[in-house]
Amino acid sequence: MASSGQVSFKLEDHPKLPKGKRIAVVVLDGWGEYKPDQYNCIHVAQTPTMDSLKQGAPDRWRLIRAHGNAVGLPTEDDMGNSEVGHNALGAGRIFAQGAKLVDLALASGKIYDGEGFKYISESFEKGTLHLIGLLSDGGVHSRLDQLQLLLKGASERGAKRICVHVLTDGRDVLDGSSVGFVEILENDLAKLREKGVDARIASGGGRMYVTMDRYENDWDVVKRGWDAQVLGEAPHKFKNAIEAVKKLRENANDQYLPPFVIVDDNNKAVGPIVDGDAVVTINFRADRMVMLAKALEYQDFNKFDRVRVPKIRYAGMLQYDGELKLPSRYLVSPPEIDRTSGEYLVHNGVRTFACSETVKFGHVTFFWNGNRSGYFNPQMEEYVEIPSDVGITFNVQPKMKALEIGEKARDAILSGKFDQVRVNIPNGDMVGHTGDIEATVVACKAADEAVKMILDAIEQVGGIYIVTADHGNAEDMVKRNKSGEPLLDKNGDLQILTSHTCQPVPIAIGGPGLAPGVRFRSDAPNGGLANVAATVMNLHGFVAPNDYETTLIEVADN
Ligand SMILES: O=C(O)[C@@H](CO)OP(=O)(O)O
Ligand SMILES: [Mn+2]
Ligand SMILES: [Mn+2]
């Protein structure tokens, strides 16, 4: 990869569009377009602002692709997600994403030739290999089939003792599916045991309550995981993981199962992590692994009392943070997302403000900038994080911090200190993931109100807005058959969809600063999230670099 030092970041002037406009870039998280029925919370909610933008179709409102190949995922059946969505939005190009890179490395066997695998395999003779990560086939953070291949590959290459620390999902897959995934894994581990590998599940817990916090919202989540995985301590002890998940599901859903450890006949945890062991965090996606990676890797660490810090060989499935080089060892090289639009714009005098609340803060900063933490140029940028509510599920507070984000964005626009004001409004996604339809309707309304605050500010300063989303979620809250009818489970209950979707997302442009004649091109019907960066660069008065995906707009002559 060309290092930033060798690249020219100078952008050419746009032949027709002026510089110096104040531009709001609004990303509604989890806001897709789907047929209007009672399970489409965006349709049910009062969303006058987003509805009015739609009136601008086709010149100033359209749909773009936000899933599958359009965002670098392995197949067209892969729903979009925040990481790949914001990567595409910020980088303006489509990179083969972690899911795909891991698939390729496993298929070719190259994963086993890399430095990362060699490093951990030095522990195989005497130590245990611990695999920690999300157990589902959701394909957002991890995939079961990748875990299965890694188990096979590692055992064939000398791992004699393997402990899997599972995090149950219910967010990228149906709630309740955890039991089936644990059964499949147990079956695989039993086969490994027949071959003489001591392989077992050692601990578990629900992803939102154990380990997979992000952006340092709540370190207790990571601590609960640490206690179970590393120390072998948890409030719930079971002999068998299937039994554990079934029992704990009586009082919690998959996302929030409390931590448990598997114990032997003497009530002793079977798989704490000890000196000499190897650890792999099997998620390919970064955000929800960074905190654990810090706890496993950093010598100086004060976020919680680790009690015991084993001397281990640790590798991530990928490197999760390119700036922090965290973790330093990894099995598969991450996508090299270089020359992002944020970096270009800062080099071309565009002063940027970015804001969200904690749970999505890294989306408009870290993911937007190609999985890179920190500023490109602190003199030109300001990133503001509004603390998220902690310790609740977001259906309890569906308005979240939408209005606070709207206010911060408004103030940044009015201040005149920034050329680009970029926000992520989380409600549709975060509340959509709870599966609570009523709360998601409230969430969508709040998101719409936040958009209005921002558009009003843009109106006041004669600026431009561009409003879009990173993937679908709130527009469809039920699982459906091929013809789109809701599916019922065996008890006759609706199957609630907590996950993202494969629906397209809207994009709208407007504002008093938008030059007359600017409209969406009609010759880019397959446009996706990766086309947005060039579009934004145009609105700032620049032509995007040649290798960026093409712009979505054109300037008609009159
Ligand atoms: O919460 C998350 O981690 C994912 C779903 O797994 O959602 P998003 O991609 O919108 O962040
Ligand atoms: Mn998202
Ligand atoms: Mn989401």
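A donor, in this talk, is an N, O or S atom within 2.8 Å of the metal. Keep in mind that water is not among the atoms, so sites may look incomplete. Also, this is a predicted model.

Let's start with the manganese ion, ligand 3. Which residues coordinate it? Asp429 does so through two OD entries, and His433 and His500 each through NE2. The distances run from 2.1 to 2.3 Å. What is the geometry of this site? Irregular: there are six donor atoms, and the angles among them span 58 to 169 degrees. For reference, six octahedral donors would ideally give 90 or 180 degrees.

Now the chain. The donors of ligand 3 follow the spacing D-x3-H-x66-H. Distant parts of the chain are linked here. Aspartate 429 sits in helix 14, residues 427-432. Histidine 500 is in the loop between strand 14 (464-469) and strand 15 (505-510). The two are 71 residues apart. Both aspartate 429 and histidine 500 are buried.

On to the other manganese ion, ligand 2. It lies 4.3 Å from ligand 3. Its protein donors are Asp29 (OD), Ser82 (OG), Asp470 (OD) and His471 (NE2). They lie 1.9 to 2.1 Å from the ion. The spacing in sequence is D-x52-S-x387-D-H. Again, the pair to look at joins distant parts of the chain. Serine 82 is in helix 3, residues 82-91. Histidine 471 is in the loop between strand 14 and strand 15, 389 residues apart from serine 82.

Are serine 82 and histidine 471 buried or exposed? The cut-off for buried is under 20% relative accessible area. Serine 82 has 1%, so it counts as buried. Histidine 471 has 0%, so it is buried too.

Next, the empty space. How many cavities of 30 Å³ or more does a search of the whole structure find? Three.

The largest holds about 70 Å³. It has 13 lining residues. Nearest its centre are His141, Arg214, Arg285, His433 and His500. Two of those names you have heard already: His433 and His500 also coordinate ligand 3. By class, the lining has eight charged residues, four polar and one nonpolar. Domain 1 (27-95 + 337-510 + 518-555) and domain 2 (99-332) each supply at least three of the lining residues.

The second largest cavity holds about 40 Å³. Its lining includes Leu17, Pro18, Lys21 and Ile464. Gly513, Leu514, Ala515, Asn538 and Leu539 line it as well. Here the classes are six nonpolar, two polar and one charged.

Definitions and conventions. Residues are numbered from 1 along each chain as its sequence is written. Chains are lettered from A and ligands numbered from 1 in the order in which they are written. This is a predicted model: local features need pLDDT of at least 70, side-chain atom pairs count only at pLDDT 80 or more; totals for chains, interfaces and linings use all residues. Side-chain values use heavy atoms; hydrogens and water are left out. On a 1 Å grid over the protein atoms alone, a cavity is a set of points where a 1.4 Å probe fits but cannot get out, and a pocket is an open set with protein on both sides within 12 Å along at least five of seven lines; lining residues have an atom within 4 Å of a point. Grid points are joined across faces, edges and corners, and a volume is the space filled by probe spheres set on the points. Ala, Val, Leu, Ile, Met, Phe, Trp, Tyr, Cys and Pro count as nonpolar, Asp, Glu, Lys and Arg as charged, and the others, Gly among them, as polar. Domain bounds come from an automatic or database domain assignment. Donors are N, O and S atoms within 2.8 Å of the metal (3.2 Å for Na, K and Ca); water is not among the atoms, so sites may look incomplete. Four donors count as tetrahedral if all angles lie between 85 and 135 degrees; four count as square planar and six as octahedral if opposite donors are over 155 degrees apart and all others between 65 and 115; anything else is irregular. Helices (H or I, at least four residues) and strands (E, at least two) are DSSP runs, numbered from the N terminus. Buried means under 20% relative accessible area, exposed over 50%, partly exposed in between (1.4 Å probe, protein chains only).
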